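Please take a moment with the sequence and the model shown below, and keep both in view while reading. The paragraphs after them are meant to be followed residue by residue.

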Amino acid sequence: MLLWVTALSFFLCSAHSFSVKASLDRNEESSGNTIEDDDFSISTLLEKANANVGKNLDDPLVMFGDIAMPSGLQNADPCTARGCLWPKASDGNVYVPYRISNQYSQNERNRIIQGLRSFAQSTCIRFTPLNRQRDFVDIQSRSGCFSFVGRRGNGQVVSLSRQGCVFQSIIQHELLHALGFNHEQTRSDRDQNVRILLQNVIPGQEHNFRRIRTRNLGTPYDYNSVMHYGRFAFSRNRQPTIIPIPNPNVAIGRATQMSPTDILRVNRLYACNSTSSKRHLKPTQTDIFLKK
Ligand SMILES: [Zn+2]
């Protein structure tokens with residue numbers, strides 16, 4: 001309920017044009033089984049915010065909804081196999097320098113910083129203000145929400161458009177791309193967990209549902225991952241494009257923030273050890289972290 005109210009207040013406070021169809025007295029998390037419920041899924045937010053992406057020639061090529069493609073490397077192997085992790089410091093933390101464009105209002109900037117800090121609460125990732133390092137994430141309001149996957153070298157744009165991207169879920173989602181993660185429904189084992197209905201996908205958008213040889217790091221497929229698209233992602237006909245199996249009624253793509261599995265994955269990919277970040281954990285998160 002608290003999350004719902006928080007999410008809703010973001011919608012109500014920000015000056016964009018989403019229609020809020022849900023009523024305020026709603027007291028349980030919606031199932032995400034109707035296209036109206038899906039208005040709040042990550043993929044719906046991305047689709048809306050990215051309606052104009054690619055029209056600006058300065059922007060990189062964006063595919064798979066919100067993934068910026070390096071020029072000439074459109075079919076690269078999974079990024080983490082190419083050594084695109086951010087380096088680990090001798091104290092066990094992974095410092096990722098960032099710069100935030102001055103396009104943002106103070107309120108938007110604070111929300112972005114809150115998103116950056118959320119990683120320090122449960123992982124060994126430490127986003128730190130740029131201080132002459134060569135590689136860094138360059139957070140800008142471009143024509144949508146998008147990010148490269150993994151460290152690219154030098155300044156890499158993470159676009160969080162002021163029109164529709166400055167939400168906790170999307171900030172974490174784009175930063176997870178920059179740390180090396182792909183969308184949950186592209187996982188190598190996704191066909192055991194979801195059915196993709198290509199016949200309902202907007203023609204030309206089928207690539208969003210391509211399967212990738214991901215490193216799953218011994219973690220289960222997670223419908224609640226902040227990297228999972230919603231049931232109606234890229235639908236051409238208001239029919240579902242992703243259906244969970246075996247139970248088709250399970251809610252998917254409804255995360256408003258990183259799930260425990262998202263956190264576990266970051267900790268595994270970056271081999272975070274408990275001494276480097278345990279003291280920052282809230283009691284409820286310690287378990288997840290130590291389960292490693
Ligand atoms: Zn994405």
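What follows is a walk through this model, from its metal site to its helices, rings and disulfides.

It should be said at the outset that the model is a predicted one. A convenient place to begin is the zinc ion, whose protein donors are D66, through OD atoms listed twice, and H173, H177 and H183, each through NE2, with distances of 2.0 to 2.2 Å from the metal. Along the sequence these donor residues follow the spacing D-x106-H-x3-H-x5-H. D66 and H183 therefore belong to distant parts of the chain, since D66 sits in the loop between β1 (61-63) and β2 (67-69), while H183 sits in the loop between α4 and β8, 117 residues apart. The three histidines also appear in the UniProt record, where an unreviewed entry lists H173, H177 and H183 under "binding site".

How exposed or buried are these donors? D66 is buried, with a relative accessible area of 0%, and H177 likewise has a relative accessible area of 0% and is buried. H183 is buried too, at a relative accessible area of 1%. H177 belongs to helix α4, which covers residues 168-179, whereas H183 is placed in the loop between α4 and β8 (194-196).

The surroundings of these two histidines can be read from their contacts, leaving aside residues up to four places away in sequence. Within that limit, H177 touches D66, I67, S147, F148, V149, G150, N182, H183 and M227. H183, for its part, is in contact with F64, D66, I67, H173, H177, M227 and Y229. Between H183 and D66 there is also a polar contact from side chain to side chain, at 2.9 Å.

One of the residues touched by H177 is N182, which is placed in the loop between α4 and β8. N182 has a relative accessible area of 17%, and with the cut-off for burial set at under 20%, N182 is buried. Beyond its neighbours up to four places away in sequence, N182 touches I67, V149, H177, I212, T214 and M227.

Y229, which is among the contacts of H183, leads on to a group of aromatic rings. A pair of aromatic rings is described by the distance of the centres and the angle of the planes. In this model the count comes to four aromatic pairs. In one of them, the rings of F209 and F234 have centres 6.3 Å apart and planes at 90 degrees, so the pair is edge-to-face. Both F209 and F234 lie in the loop between β8 and β9 (242-244), so their pairing ties together parts that are 25 residues apart in sequence. F209 is buried, with a relative accessible area of 3%, and F234 is buried at 8%. Y229 and F234 make a tilted pair, with 6.0 Å from centre to centre and 40 degrees between the planes. F209, Y229 and F234 thus belong to one aromatic cluster.

The chain is also joined to itself through cysteines, and the structure holds two disulfides. A disulfide is a covalent bond between the sulfur atoms of two cysteines. In one, C124 and C272 have sulfur atoms 2.0 Å apart, and the torsion about their S-S bond is about -70 degrees, so this disulfide is left-handed. Because C124 lies in the loop between α3 (106-122) and β4 (125-129) and C272 in the loop between α5 and α6 (274-277), the pair ties together parts that are 148 residues apart in sequence. The other disulfide joins C145 and C165, with sulfur atoms 2.1 Å apart, and is left-handed, with -85 degrees about the S-S bond. C145 lies in strand β6 (residues 145-147) and C165 in the loop between β7 (155-160) and α4, 20 residues apart. C145 is buried at 0% relative accessibility, and C165 is buried with a relative accessible area of 0%.

Helix α5, at residues 260-269, has eight of its ten residues buried, so it is largely enclosed by the rest of the structure. Those buried residues are T261, D262, I263, L264, R265, V266, N267 and L269. After α5 comes A271, whose phi is positive, near 45 degrees.

How values were computed:
Residues are numbered from 1 along each chain as its sequence is written. This is a predicted model: local features need pLDDT of at least 70, side-chain atom pairs count only at pLDDT 80 or more; totals for chains, interfaces and linings use all residues. Side-chain values use heavy atoms; hydrogens and water are left out. UniProt positions are given in the numbering used here, feature names are shortened, and annotations may be inferred rather than shown by experiment. Helices (H or I, at least four residues) and strands (E, at least two) are DSSP runs, numbered from the N terminus. Buried means under 20% relative accessible area, exposed over 50%, partly exposed in between (1.4 Å probe, protein chains only). Contact means heavy atoms within 4.5 Å. A polar contact is a pair of N or O atoms within 3.5 Å; within protein, one must be able to donate a hydrogen and the other to accept it, and residues adjacent in sequence count only if both atoms are side-chain atoms. Donors are N, O and S atoms within 2.8 Å of the metal (3.2 Å for Na, K and Ca); water is not among the atoms, so sites may look incomplete. Rings of Phe, Tyr and Trp (its six-membered ring) pair if their centres lie within 6.5 Å; planes under 30 degrees apart count as stacked, over 60 as edge-to-face and the rest as tilted. A disulfide is a pair of cysteine sulfur atoms within 2.5 Å.
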